Structure formats: structure tokens, C-alpha cells
Amino acid sequence: MIKKIILAVVILIFGSGIAFFVYKTEPKLNNNFETQNAFFKKFPFRLGLDLSGGSHLIYKADISAISSNEVGSSMEALRDVIERRVNLFGVSEPVVQVQHGGFISGGGEQLIVDLPGITDVKKAVEMIGQTPVLEFKTEASKDAVQNAIVGKDGNITIDLNSQFVTTELTGRYLKKATLEFDQNTREPKVSLQFDETGTKLFAKITKENVGKKVAIFLDGMPVSIPTVNEEIPNGQAVISGNFTPKEAKLLVGRLNSGALPVPITLLSTQTIGATLGESAVNAGVKASIIGFILVALFLILWYRLPGLIAVLALSLYTAILLAIFKLLPVTLTAAGIGGFIISLGMAVDANVLIFERMKEEIRKGHNIYDGIHAGFSRAWPSVRDSNTSSIITSIILFWLGTPLIKGFALTFGLGVLVSMFSAITISRIFLYALGIEKSNSFTKFLFGSGFKNLN
Amino acid sequence: MFIVKYKKIFISLSVILVVVSLVSIFIFGLNPGIDFKGGALMEVSYSAGRPEVSLMEANIKKVNINQALIQPTGELGYIIKTRDLSETEHQALLSSLAFNNKYPVLEKSFTSIGPSVGSELTRKAIVSISMVILAIILFITYAFHKVSRPVASWKYGVITIVTLLHDIIIPTGIFALIAFYTNAEADTLFILALLTILGLSVHDKIVVFDRIRENLRTGDSKNFAEIVGTSTSQTIVRSINITLTIIFVLVPLYLFGPETTKNFALILTIGLFFGIYSSLFFASPLLILVEEWQSKNKK
């Protein structure tokens, strides 16, 4: 008995801890959000574009000129290029993803670009469509003026741009870049092949800069700064260094993507203003709270003491689920909040099943303790099977769905999983911890339901 | 047990409802959202009072966008629906709506979807619905494989699907009727609502069937119809209560929730209501009917 009470208290403390975490990490709830420990600032809810405001662009990639076994790598390269361009635009947490065509989605290869906070589609579209600049630069003379930036933390960083001078050699003259492995050391390296003009320019640059550094800049940022060992007349350059194979592959992708590797056309755009998103969030929160209160009132009025326990379990359920949303993190959309709200109703399903069963068993002549026990074990198969079917449905939706449907399926599916734990384990521990065993008129009132007491 | 006694009435009622809904879908039709058929949707608001619809129409025609549906929203806003627009056309439309700054306009949201994205989505929706239905039949067949007598477990699966169709067709019919008056569109969220109804309604059927499964194993009665009747009445309170709790969260979602999920909440509420109705008064009578046919054929 003592053990059960201790366990219940531990769960209560644990649950309050989770609720406190959710509260602490939410800027809108916690007034001291800005001044607190940096740890708590890491976990705000991640809001989808429809709630935070921003742009959602879908591009179609024209892969007709690419052989089928290179489609995958070309699309990856395309994504890298677009991602870099978007990053240059100063968007926080942009999402650029490739959607491959196939039997299920139909359609062709697509590129999906999400730009949170950017509502100026015109500017965004222009920026994504622009051609990037691949440049080769040589070391500036030692006495050239160098720009330095003093950072907020007091560190001085020298502006790399001022250390190098631009040459005529650009991505226009690069024929292709390939990934190779050194025959002796097995280290990955990147080999470049210039076209005719590029070969001449490269020979000149290397001749004049033996022992010095040549920097390869992409969109104004240095991607690699190799040192020249000797003059290279054949237009072939090798960038070796401490690459991991992954890094080398990435670099090859980037170099080959001097221009977009795959032509793209804009298929659809979606922009949501920040105010619209904010009002949707407020509406979603309001609906959740009212929904929760209605369910809680119903449970307590109809199921009395077990109902109260169910409300406690439902509160823990809410805290755990919200914490999971923060930790994973789950990107919340209006449809996702809808999924969460429905799961609030669903989460008590198992409790309702169990309580109805409990009552039946107690009516059959069991005492209250045995009634609770039988109620849980008899109701389990239907809880298990009905929830399994909901989980199967959400997995299929998550697998096949569009982003909107995926958002719903994820919150709904997680909700069903967590509810199986909260409605069964947590409420059972609490019910047992109450230690009600005897059947008298008072306990029969507590365990009765609706308009009837147990008799 | 009244469900057993009046099973033919319940089944007829369901059949009539389904037929009426199909007629409603056929007459009123469903208006696919722009996410399925392609097109553009713009929501604008005029903080200093909005211009007349006729003024808006005239100005939109000037930028070569011929067909535009203009609906007032809230006190100060409009929703404008057109064919799909390129970015240049979008900018032209937006600047035309400002009437040379006579009416300062704020663009709240803009969506333009090409027709090919739409057909892809339609395909996805069909594949997802079929996959969900297939997975459900398989799961129910598996979950009830131990209760193959007197009715084979796959028949539970098939009955579930028949009742699921019932649960989906009726809300769709009602939605077609509502949409006829409110111009509501059948968009991705509409499909999502139907899929959710599928999920929740299977959930329900499993609870009722589970009770039948248990009573078949342990019950004293030999009469299948009686077992189904008892099992249904044993689960009736639970079924009504759980539907009530979900409706308790859906009503606030409809009344106070985000604009985008309003129709979603409405269809779900309707679907849940008919889902619970069919679990109790359509699935169970069907099960008895199937068993009666079986024993007749044996004789």
C-alpha cells in the first residue's frame, strides 16, 4: 500500500516537473523568459508557416536532361544550392527539401522551400532564382589593408574577403568537379576540370602563386582555401585536405552547382501574414483550453472520483505531450493543433472504457478493489485494439500525406501513444494509491456514475 | 434487445440516409478547393474601410485577371479567388487592389497552386484513403482471427468497411448541402476530416466487436443475435460518452478555433455522430443479418 502511494507521489512530482519545463520554456507564459538560464530558451514550440507567418514555395525540377541514375544526386546538389542562397537571405530556420516523384505522389521531382517570417514572396523568388557566383581568388599582398571585425565577445576576426583578391577565373570556366579517393592514403579529394579558357587562367594563377593560397569562394563565402604546390597547365586541380568523404561529396556537389544543376520553375506559392498566423495560434490555444475544461467537467460530473483521477491523468498527458512537441521538436500547424485537440478527447477513451467496465464488475458483486482490478484487465484488449487501429491510421497518413496531413498525423499519433500510457498506467496507480477497498454507501457514491450510485 | 428486434428498421434507416446523402452529393456536387484543382486565393484587409465589391471587380479586370470570386470576410477584409497566378501577376493584382493608395491594403495571405500540384494531391488523397481502408480490413481480420465462429473474422472486416462507407458518405452529403449555401470548398482539410472519421469510427467498431468477441468466448448464450444485442447494449454508455468527450473538444475548435480548421471541426462532429450511430445501430444489425444468411444457406 505504502509503495503504491510513494509511486503515485513520484509520478505527481515527475509530472509537475514536466509541466514546469513546458511553462519555463514558453516565452508567452513565462515573464522571466529572457533572463533565465540559456537551457530553457532552447525549447520553444516550433510553429509551422501557417502559424508563424512566412512563405511556402514549390518548385518543379526539370530533370529531362539528366540520366536517371544521377537524378538523386542532382536533386541533392540543387537543394544545397538553394539552401545556401536562402541562408544568404538571412532567413531563420529555412527548410529546403526535395520531394521525389513516384507512384504514390505522382508528379515529378520537386523542391519545397519554406521561409519562416518572409512574407515578401517577390524578393524571395528573385533571390532563389539568381545564379550563384563561384570565384577563385588569390592571396592579397601582405601590406594590403585588411578589414577586421571586433565581435561582441571581444574576439577579432579578420574579414576573409579582404585577404584575397579577385581573379578572372570563375565558375563560368569550370567544366566539372568529381569526387576521387587518393590511391595510397584512401583519403577523399575533389578534382576539378576547367574548360579551355579556364585552363589558361588557372595555369597563370598557379604559376604566379606557388606556395601561396588560392581561395574558392561561393556566393561570397570561402568554401575551400587550398595551397598551390606547383604550376598546373592541364586545367586539372585537386583539392585535398582533411575531408571526410561526406564533406568532399558535399563540396563536389557545391562546385558542380556553380549554376543550378537542374532548371527549376515555380509551381505554387503560399504566403501567410504574421498577424493571421498569430490570431490562429491564439484561437487554437483558446479552443484547446475550453475543450480541456469541458472534458474535465464532464468526467468529474459523470464519473465522480474515478473521473477526477482521469482529469489528473489527462493533465499529465497534456504536459507530457507538450514536452514531447518541444523536445523532438514537432512543427505545429493549425491542422497539428487540431490533431492535438482531438487527442485530448481521445485520451480519455481508455479511461471511459475502463470505468464503465469497473462499474459493471462492482455491480456483479466484486468489492471495489477487485472491481478496479477486473475493470482494467477486462478493458485492456479493446483499448489495445482500438488504439492500434488509430496508430496504424496515423502512420499511413504520416507516410503518404502532404505536409498538412503529416502535421496532423504526427500530433494525433503521438497523442494516442502517450494516452495509452497516461490513461492506463497513471490512472491505475492513482486509483490503487487511494486505497479504497470497502464497499459502503459513501464509496459506492464515489464510484457511481451519471445519475445512479452503485448498488 | 431492441437492436436485434428492430434490426431491419435500423438497417433501412441507414440505407435511406446513405441514399439521400448520395443524392445530395450528386445534386449539389463538391466544390474542390484550390489545393486540388489549382488556382489562387488571396486574403486582404483594408484597415481604413474596404471598397465596394464592384470597384474591386473592375480593378481586378484591369490587370487581365478575368474571373475573380470576391467574398467579404470579417469587417474589413476580402477573400479573392482566381486562376493560378505567376509572381508577376500576383504583384500586379496586389497593387491594383490598393487603388493608387486610396484604399491602403494589407495582404494577409496569398496562395497560388499550379494545376499539376493539384492533380498530384488528388492522387495522394485517393491512395491514402485506399491504404487506410486496406490496413483496417487486414488489422481487424487479424485482431479477430480467434473468433472465426460463427462469423468468419474477415467478415467483421468487411462489415466494418461497409459501415465506414456509411460514416463517410453521410457527412460528405451533409457537407455538400452546407457547401451549396456557404461556398465551402472540399480541400485537403476536408479529406483529412474524412480520414479522421475513418480512424475514430473504426476505433468504435472495434470496441463493440471486442465485446462480442469476449461474450462469444465466455457468454452462456448460444444465440448469436442475442450475444450481439447484449454486447451492443453493454458498450452503449461508453460509446455515447466517448463521442460526447470528443464533441466537447470539437465544438470549441469550431466556435473559437483557427479559421482554417472550422469546417474540419464541423465535418468531424457530424461524422462522429453518424460513426457512433453506425457502430451501435448499423454494424451490429448487419453482423446478425450476415449470420442469419449463413445459417439459412447451410440449411
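Modeller: Let's start with a term: two residues are in contact if their C-beta atoms, placed from the backbone, lie within 7 Å. Keep in mind that this is a predicted model, where local features need pLDDT of at least 70, side-chain atom pairs count only at pLDDT 80 or more, and totals for chains, interfaces and linings use all residues. Residues are numbered from 1 along each chain as its sequence is written, while chains are lettered from A and ligands numbered from 1 in the order in which they are written.

Biologist: Okay, so how many residues does the contact take from chain B and from chain A?

Modeller: Chain B gives 53 residues and chain A gives 60 residues. On the chain B side, the largest share, 14 residues, comes from α6(B).

Biologist: What makes α6(B) a helix?

Modeller: Helices are DSSP runs of H or I with at least four residues, strands are runs of E with at least two, and both are numbered from the N terminus. α6 of chain B spans 115-143, so by that rule it gets called a helix.

Biologist: How do you know that β14 of chain A and β4(B) pair?

Modeller: Strands pair if DSSP finds at least two bridges between them. Here β14 (residues 264-272) of chain A and β4(B) have five bridges, in the antiparallel sense, so they count as paired. In that pairing, T271(A) stands opposite F110(B).

Biologist: Why are there two domains in chain B?

Modeller: Because the bounds come from an automatic or database domain assignment. That gives domain 1 (2-34 + 116-298) and domain 2 (39-113). Their centres, taken over C-alpha atoms, are 41 Å apart.
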